[in-house]
Amino acid sequence: MSVLLVLEQSDGKIKRASWEALAAALRLGPAESITAAVIGAQTAALAAEAAAKPVGKVVRVEHPLLAQYTADGFCAALQQLIQNESPTQVVFPHTYQVRDYAPALACRMGQVLIGDVVGIDDGPLFTRQLMQGRLNGSYRHSGNGPCFVSVQAGAFRTDGIDASATAGPAPITTFTPTIDAAQIRCKPGEPFRGSEQTVDLGSAQRIVSVGRGIKEAQNLPMAQELATALGAELAASRPICDNGWLPMERQVGSSGQTVAPRLYLAVGISGAIQHLVGMKGSQCIVAINKDPDAPIFEVADYGIVGDLFEVVPALTEAVKAAKQ
Ligand SMILES: Cc1cc2nc3c(=O)[nH]c(=O)nc-3n(C[C@H](O)[C@H](O)[C@H](O)COP(=O)(O)OP(=O)(O)OC[C@H]3O[C@@H](n4cnc5c(N)ncnc54)[C@H](O)[C@@H]3O)c2cc1C
């Protein structure tokens, strides 16, 4: 088993989703079997960042025509790298950029991309969610050639990565692909810039998330007090953000952020499928809901059936008392 891990960068730093892809790659084989690729025109700093992680080696895929991302340039460069390295698996983070070029790259090489993977079992057997998370499908690569896999944000925890780093930095080599300017059919525009995020829910260890059960915006400070006592971030279901009670960056779910904290406390959230897909990877889920049949209890490790206006203040007091 040999794994080629394709890292993605933003503003000269490797994206967190790439380290989650490394966590997934480590399920496929030991660090020594992993080759991490950084792509661009000047990749020295990126390569040094990658070399400090548990990987066998780092390859700088460098060419002036890779200075700006284009699907044609990335496909051409990676196809040559894959032919050179002959990995059994090629692993990507499931980012917008990867969605743009990785299916075409896999297709060029006579393969398919097993996209948006949320689990890896022995075999390897890859799990993908179907029908907005209602079903899980298992996929196994068959035939010759590398298996292309992209991994969902938040599905693989990066906790152990630094701890399992090898003694010294991994060796770094450079690979210069042959790319002709005529091969690049697309003209790169201004890179998309998302709205400035002041909160990174994806890496929060504890989250208190509020839903429509909170009734009114003026009741939010009660949930914030519990979050503060727990040292948690405040998040919400979609209606709360749609109402403008909390900013969109705090929305969890299929059209919000995917989170995987150690503790996810769902307060007055029913557990609609679009919400569950964003948080069911949490390590411990606690739900407070007055309806004993609320679907959130199906994924909860601990459930409190009760009125949140009684439970939340009592819990806050209990947490504060426990800390004294
Ligand atoms: C395309 C699409 C994308 C979507 N994306 C997202 C998404 O990213 N994230 C998301 O969250 N939703 C998303 N939704 C919306 C989703 O379908 C649900 O409508 C939404 O998650 C419901 O939010 P809620 O649980 O807060 O509200 P509700 O479903 O109204 O649930 C409120 C809950 O509070 C409980 N409750 C009420 N009062 C109390 C009380 N006093 N004490 C205790 N419990 C109480 C009720 O029993 C109920 O279970 C999306 C929908 C679509 C169609």
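This passage walks through a predicted model, from its nonpolar cores to a pocket and a few notable loop residues.

Residues are numbered from 1 along each chain as its sequence is written, and side-chain values use heavy atoms, with hydrogens and water left out. Because the model is predicted, local features need pLDDT of at least 70 and side-chain atom pairs count only at pLDDT 80 or more, while totals for chains, interfaces and linings use all residues.

A good place to start is the interior. The largest nonpolar core holds 31 residues; such a core is a set of buried Ala, Val, Leu, Ile, Met, Phe, Trp, Tyr and Cys residues joined through side-chain atoms within 4.5 Å. Here buried means under 20% relative accessible area, exposed over 50%, and partly exposed in between (1.4 Å probe, protein chains only). Leu5, Leu7, Val58, Val117, Phe126 and Val151 have the most contacts inside this core. Two or more residues are given to it by each of strand 1 (3-6), helix 1 (16-28), strand 4 (34-40), helix 2 (44-51), strand 7 (113-121) and strand 10 (147-151). Helices (H or I, at least four residues) and strands (E, at least two) are DSSP runs, numbered from the N terminus. Helix 1 supplies the largest share of the core, seven residues. Another core, of 26 residues, lies apart from this one, and includes Cys75, Ala77, Met109 and Phe148. Back in the largest core, Leu7 touches Ile14, Ser18, Trp19, Ala36, Ala37, Val38 and Ala50, not counting residues up to four places away in sequence; contact means heavy atoms within 4.5 Å.

Attention now turns to a pocket. On a 1 Å grid over the protein atoms alone, a cavity is a set of points where a 1.4 Å probe fits but cannot get out, whereas a pocket is an open set with protein on both sides within 12 Å along at least five of seven lines; lining residues have an atom within 4 Å of a point. The second largest pocket contains about 280 Å³ of space, a volume being the space filled by probe spheres set on grid points that are joined across faces, edges and corners. Its lining has 20 residues, and Ser237, Pro239, Ser270, Ala272 and His275 lie nearest the centre. Helix 6 and helix 7 (273-279) are the elements that give two or more residues to this lining. By type, the lining residues comprise five nonpolar, twelve polar and three charged; Ala, Val, Leu, Ile, Met, Phe, Trp, Tyr, Cys and Pro count as nonpolar, Asp, Glu, Lys and Arg as charged, and the others, Gly among them, as polar.

Ser209, in strand 12 (residues 206-210), touches two of the residues just named, Ser237 and His275. Its other contacts include Ala235, Ala236, Leu265 and Ile269, with residues up to four places away in sequence not counted. Ser209 counts as buried because its relative accessibility is 0%. The side chains of Ser209 and Tyr264 are joined by a polar contact of 2.7 Å, that is, a pair of N or O atoms within 3.5 Å; within protein, one must be able to donate a hydrogen and the other to accept it, and residues adjacent in sequence count only if both atoms are side-chain atoms.

The loop between helix 6 (238-242) and strand 14 (263-267) holds Gln251, which is buried because its relative accessibility is 2%. Beyond its neighbours within four places in sequence, Gln251 is in contact with Ala236, Ser237, Arg238, Cys241, Gly256 and Gln257. Ser255 is found in the loop between helix 6 and strand 14 and is partly exposed, at 48% relative accessibility. A polar contact of 3.2 Å links the side chain of Ser255 to that of Arg238.

Some loops also show backbone features worth a look. Gly123 and Pro124 are joined by a cis peptide bond, with omega about -10°, and Pro124 lies in the loop between strand 7 and strand 8 (125-130). Asp11, in the loop between strand 2 (9-10) and strand 3 (13-14), has a positive phi near 55° although Asp11 is a residue other than glycine; Asp11 is exposed, at 62% relative accessible area. Ser86 likewise has a positive phi, near 45°, and sits in the loop between helix 3 (71-85) and strand 6 (89-93). Ser86 is exposed at 53% relative accessibility, whereas Pro87 is buried at 7%. Pro87 touches Ser2, Val3, Leu4, Ile82 and Pro146, not counting residues up to four places away in sequence.
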